[in-house]
Structure formats: C-alpha cells, structure tokens
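Trainee: Could you take me closely through one part of this model, choosing a single side chain and then working outward to its surroundings?

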Amino acid sequence: MFEITSVAKPATVDEALTYLTRGGATMAKTGAAQPGVRLLAGGTDLLVASRDRNLRWETLIDLKNIPELHGIHLSGGTLRVGSTTTIHELAASPLVAATLPPLAEAAGMLGSYQLRQRATLGGNICNASPATETACPLLVGNARVQLAGPTGTRTVPLCELLLAPGKTALESGEILVSVECAVPERAHPDLRYGGAYIKLGPRRAMDIAIVNVAVLVGLDTDSVCRDARIALGSVGPTAFRVPQAEDLLIGQALGSNAVAAAADAARAAARPITDIRATAGYRLDMVRNLVETAIITALERVTPAGL
C-alpha cells in the first residue's frame, strides 16, 4: 500500500531543503506509522519499492523542476552532470561520449529505452546497488558528488559515498546536487586516452549485471601506460576501483602479459556472492575475462592497432 499525503514541487535546491526539513517535522506530528518524506526524481526505483513495502503517509518532494539539478556541462576541464539528468540524456550526449566514453556506454545499457527516459543519474547512484550501471564508469572518471543539506554543501568522492547495498553516506536532509569528473585529456594533456565499459548479463538490456567492468587507460607518446583505472561492479558490496590491477599496467608498454596480469589481479580482488543470477565462481572467472577484454578494447580505442 502506497499512500501520499502531499507532493511538493520546489523550484530551487533551498526550497527543496526547506520542504525536506519541514516535511519530516510535519509528518512526525501526524502520528503516522511511517512518518517522513521521499525525494522523487525519475521514480523508477521508488515505484518498484512501493509494491513491496507498506508505505503510508509519505510526502514526495518532486525534484524535476529544479534547474540547478539538471543538465550536462563542461567547464574548464570538468564535466558536470546534474542529478536529475536522465540516463537517456547521458547515453545520447556527444559531450559525455567525448569526455567519458564508458559512462555513455553504460547509460545506453541501462534498462529499456522507456526506463532510460525516466531514470536519473542521481537516483541510480543513490539506489546504491552493487550492480548499478553508472558507478563503474564514474569511478574510473574519479567522480565527486556535490551534496546540499541543512548545514550547507559538501563534496564527497563517489567511492566514499557508496557504503553498502542500498546504503550511502548521505546524511539526513541531504540532496545529491550533481556529479563532477575531471576530463582525463584536460587533466593530462600529454596522454592519449581510451576507455571501455562491459556488462555481462543474460540480455543486453533489461537485466541486472552479473558482472560489470569499466576501464580507462592513458598512454604517453611512446605508448607506455601512465594512467590506468579499473572498476568492478556486481562482485562486492559496492562498485569499486582495483588499484592493485591498475598498478600492474602503469609504467608498462602494454602487451598481453601485462594485460593478463592485471586481469588476474582484478579477479583476486573481487568478492562476489552466489545468487539466483550466477555463482561466485562464475563471476570470478568472468571478472578476469571481462577486465582483459575491456583493457584490450580501451587500448584499441587509443591506437587502432591495439596490442
């Protein structure tokens, strides 16, 4: 049962924060069994959750009318994406494809076309699923999230925001405003970059990933790797970077031995579970295969000759 007492439609972040604070106090006075508020962006996760829980007397704060929370912008060397930007907008954006290709690829694999039209980047992050599509590419983009709350604003690395399945470091009364990534080519103009995102699932779309991988590599003029970033999803409590695998690539002229060693290190770092979708052993084997494939793909996108 899903009952709503009111829907607020703020026009600014400050107004949303006011509703968020007052809404909680107002609901507490009603004596409802489950007082509180819910933030609404795309609503794709909220509506699914409402079928499985007895949600009553919830106030929804609709964030879609706040300009500050929407849009894709490049300023200097920073790509900024507002939290209510839809997944479809990410997948279709030439700016995202040019500055952080794995993110555009991942967005294009999330759910169905209809779902991508509604689902938002902020909702996808705050849902905190270990298999979420956008986390891996954002992690290799060294993403930071901007949060606004009753005591002001703060910036948190994405790796510190994601704590556990369904759990983030968002504090009471906070709203995710935007996500920022330093564009690799702007931060390291002496390097040439290539990236890749791979999702393993029964189907290309409409399925939760069994394993997902994002890779970004930067080569110098001698084709030696000077920057390597590898992130894994669906094989731990959250998506995470694998520095022990990255270190095996940095300083190397990447051939098959270095790539295989990094893939082995990624497999060793994974901590998957067995569930209805796959066994832990299968996921471990697929981590190695997908990381190796993703690195090779990323290298081919830097230099057409690849390995």
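Mentor: Let us begin with a backbone atom in this predicted model: the backbone oxygen of Gly111 lies 3.1 Å from a polar atom of the side chain of Arg116, and the backbone oxygen of Leu110 likewise lies 3.1 Å from a polar atom of that Arg116 side chain. Arg116 itself belongs to helix H6, which covers residues 113-118. What makes Arg116 worth a careful look is its charge, for Arg116 is buried and yet has no salt bridge; the nearest side chain of opposite charge, that of Glu133, is 8.3 Å away, and a salt bridge would need a side-chain nitrogen of Arg within 4 Å of a carboxyl oxygen. Leaving aside residues up to four places away in sequence, Arg116 touches Thr86, Ile87, His88, Ala107, Gly108, Leu110 and Gly111.

One of those contacts, Ala107, leads on to Leu90, since Ala107 is also among the residues that Leu90 touches, together with Ile72, Val81, Val96, Leu103, Ala104 and Leu121, again not counting residues up to four places away in sequence. Leu90 in turn is one of the residues that touch the most other members of the largest nonpolar core, a set of 39 residues in which Ile125, Leu138, Val145, Leu158, Leu161 and Val179 share that standing. Helix H8, residues 135-140, gives the most to this core, with five residues. There is also a second, separate core of 37 residues, which includes Val215, Ala263, Ala294 and Ala298.

How values were computed: Residues numbered from 1 in each chain as written. Predicted model: local features only at pLDDT ≥ 70, side-chain atom pairs only at ≥ 80, totals over all residues. Heavy atoms only, no water. Core = buried A, V, L, I, M, F, W, Y, C linked by side-chain atoms within 4.5 Å. Buried < 20%, exposed > 50% of the residue type's maximum accessible area, 1.4 Å probe, protein only. Helix = DSSP H or I, 4+ residues; strand = E, 2+ residues; numbered from the N terminus. Contact = heavy atoms within 4.5 Å. Lys, Arg positive; Asp, Glu negative; His and termini not counted. Polar contact = N/O pair within 3.5 Å; in protein donor to acceptor, adjacent residues only side chain to side chain.
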